[in-house]
Structure formats: C-alpha cells, structure tokens
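Student: I would like a close look at a single part of this protein. Please take one site, follow its contacts outward, and then set it against the whole chain.

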Amino acid sequence: SDGVGGWADMGIDAGAYSRQLMHFANQVTQEEDASNPNPKRVLYKAVQETTAKGSATVCIVSLTPSSQTSGMANLRAANLGDSGFIVVREKQVLYKSPVQQHSFNFPYQVSSIPKYSDNPMNAQTFDVEVAPGDTVVLATDGLFDNLYPEEVASIVHEAKASGRKPGELAHILAKITLEVATDKKRDTPFSYGARQVGFPHEYGGKMDDVTIVCSYVMADSRM
C-alpha cells in the first residue's frame, strides 16, 4: 500500500492511512480459507475498518498450490491504483499488472473520507499460474515509474544467479530505483508517460518513496 503524498500538504501523515490499512488487511487475512483466499475481499474488509485520515493505492496478493496443475501455484491478486506486481520467469516478464488511473499520475485510491475514495470493489483482480523458480515482485509506483518491467526482470535474473535472497533482491531494486530517480536524463516509464500526454521535454527519473517485496516461488510455498 502506498499513502498518497498530497495529504502532507494538509498536515496529515500521508503514511498513516496506508499503515493502518495494511494492519487490518493482515488481520482480515487470518479469516480467509488458506486454500482458497480472496484478496479482493481482504482489501474490501480492510478498507471498511480503516479510520485514519488519508488515502492510498493498494495491492494484495496470495499464493496457493494449484488445484489444476501439479507442481504449479495460483497467484491471486487485487490491485487498486498504481502499485502492482511483476512475475519474472528466467529473464522474461511473465506478467505485469496494469495501472488503474483516472488520468496521468492520478491513480485510483481508497480513503477513509468517501469523497476522496474510489470503490474498493473496483479493484482489478488477477489469477496467474506460476511455477517454482518464478519470482514475484510487489511494489509501489516508486519502482514502476522509474524502471521498465524488462529492466526489473534483468535485475532479478542477475541477482538470483548471484545467489541473492529475496530480501537482498528487494534492497538491490530499491537502490537502483533511487539511482534512476535522481538521473535527470534517463528515459523512464514516468517520463515516457508524461511525453505521451503533452509534456514533450519530460525526461529523467521520478523521486518517490518506494516499497518492494520480493518472493521466490518454491515447491510448497505460500504467500
């Protein structure tokens, strides 16, 4: 979950809503059937419980053994806004969740204040079959605005080839993201998007906070 920074202009901790939302999401998860979880239901219930002022984008993902294909797993996700996930297999992007936004740089978001909130039931849902050896990268837009999916896949592949653990991979991605964010000449997904909507001279990275969670899919693994 990624708190919307604009609340800071009103003297409100922009991260408070996001943190409380994830606290309740964690609690609600315990009520789910571990063999058949519903991330969208978790998202909806967590939003109903969250009272802190603010708003946030949110991505909730579950991973369970496949009931259809032996050795495979089902990745289920609910995503609202411009956080999201990438699934990497070997050096390739197997899947990248799309962005939900009203217009450029104005993502869908949930809030404790109704007039600022999109309906959490409008979250997009995904069901992706993954295999042992795949890598799942969940992240806020701080990552996705600065690195193209193919760049993420390349970094994942190199890190795993070097024996890096998931937590180490997350730190590597965060460090590279910060380097790109401070590069004023780099072509990035954010600058490309800005050029597409009428800002022809927009280049460079975008400074933003970034949260990244990496998971390696293994036999009998769960999220």
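Tutor: Start with a cut-off: a residue counts as buried when its relative accessible area is under 20%, and as exposed when that area is over 50%. V28 shows how the cut-off works. Its relative accessibility is 6%, so V28 counts as buried. Keep in mind that this is a predicted model.

The site I choose is S83. S83 sits in the loop between β3 (73-80) and β4 (84-89). Its relative accessible area is 4%, so S83 is buried. Leave aside the neighbours within four places in sequence. S83 is then in contact with D2, T57, C59, A139, T140, D141 and F144. One of these partners, T57, also has a polar link: the side chains of S83 and T57 are joined by a polar contact of 3.0 Å.

Now step to D141. D141 belongs to helix α3, which covers residues 141-144. The relative accessible area of D141 is 5%, so this residue is buried too. Beyond four places in sequence, D141 is in contact with D2, D82, S83, K206 and D208. D2 appears in the contact list of S83 and in that of D141. The contact with K206 takes us onward.

K206 lies in the loop between α6 (189-196) and β11 (212-216). Its relative accessible area is 16%, so K206 is buried under the 20% cut-off. The side chain of K206 makes a polar contact of 3.3 Å with the side chain of D145. The contacts of K206, with neighbours up to four places away left aside, are N105, D141, D145, N146, A181 and F190. There is also a C-alpha separation to note. K206 and T182 are 24 residues apart in sequence, yet their C-alpha atoms are 7.2 Å apart in space.

From K206 the path leads to N105, one of its contacts. N105 is in the loop between β6 (101-103) and β7 (106-107). With a relative accessible area of 39%, N105 is partly exposed. Its backbone deserves a check. Most residues other than glycine have a negative phi. The phi of N105 is near 65 degrees, a positive value in a residue other than glycine.

E90 shows a positive phi as well. Its value is about 55 degrees, and E90 is not a glycine. E90 is found in the loop between β4 and β5 (92-96). The strand β4 also borders the loop of S83. The burial class of E90 is another matter: its relative accessibility is 60%, so E90 counts as exposed.

Return to V28 for a second packing site. V28 is placed in helix α1. Not counting residues up to four places away in sequence, V28 touches V42, K45 and A46. V28 and A46 are 18 residues apart along the chain, and their C-alpha atoms are separated by 6.8 Å.

A34 gives a counterpoint. A34 is in the loop between α1 (16-29) and α2 (39-49). At 54% relative accessibility, A34 counts as exposed. A34 and G11 are 23 residues apart along the chain, and 40 Å separates their C-alpha atoms.

Now the whole chain. The protein has 6 helices and 11 strands. Its radius of gyration is 17 Å, close to the 17 Å that the globule rule gives for 223 residues, so the protein is as compact as a globular protein of that length. Along the principal axes, the C-alpha atoms fill a box of roughly 50 × 40 × 25 Å.

Burial and contacts come next. Of the 223 residues, 46% are buried. Take the contacts with a separation of 6 or more: residues 24 or more positions apart account for 68% of them. The S83 contact with D141 joins residues from the β3–β4 loop and helix α3.

Last, surface and charge. The protein exposes about 11,500 Å², and carbon and sulfur atoms supply 51% of that area. There are 20 positive and 26 negative charges, and the mean positions of the two sets are 1 Å apart.

Back to the chosen site, then. S83 is buried, contacts D141, and shares a side-chain polar contact with T57. D141 is buried as well and contacts K206. K206, in turn, contacts N105 and pairs with D145 through side chains.

Methods:
Residues numbered from 1 in each chain as written. Predicted model: local features only at pLDDT ≥ 70, side-chain atom pairs only at ≥ 80, totals over all residues. Heavy atoms only, no water. Helix = DSSP H or I, 4+ residues; strand = E, 2+ residues; numbered from the N terminus. Buried < 20%, exposed > 50% of the residue type's maximum accessible area, 1.4 Å probe, protein only. Polar contact = N/O pair within 3.5 Å; in protein donor to acceptor, adjacent residues only side chain to side chain. Contact = heavy atoms within 4.5 Å. Rg over C-alpha atoms; globule rule 2.2 N^0.38 Å. Areas by Shrake-Rupley, 256 points an atom, 1.4 Å probe, with all protein chains shown as cover. Lys, Arg positive; Asp, Glu negative; His and termini not counted. Charge placed at Lys NZ, Arg CZ, Asp CG, Glu CD.
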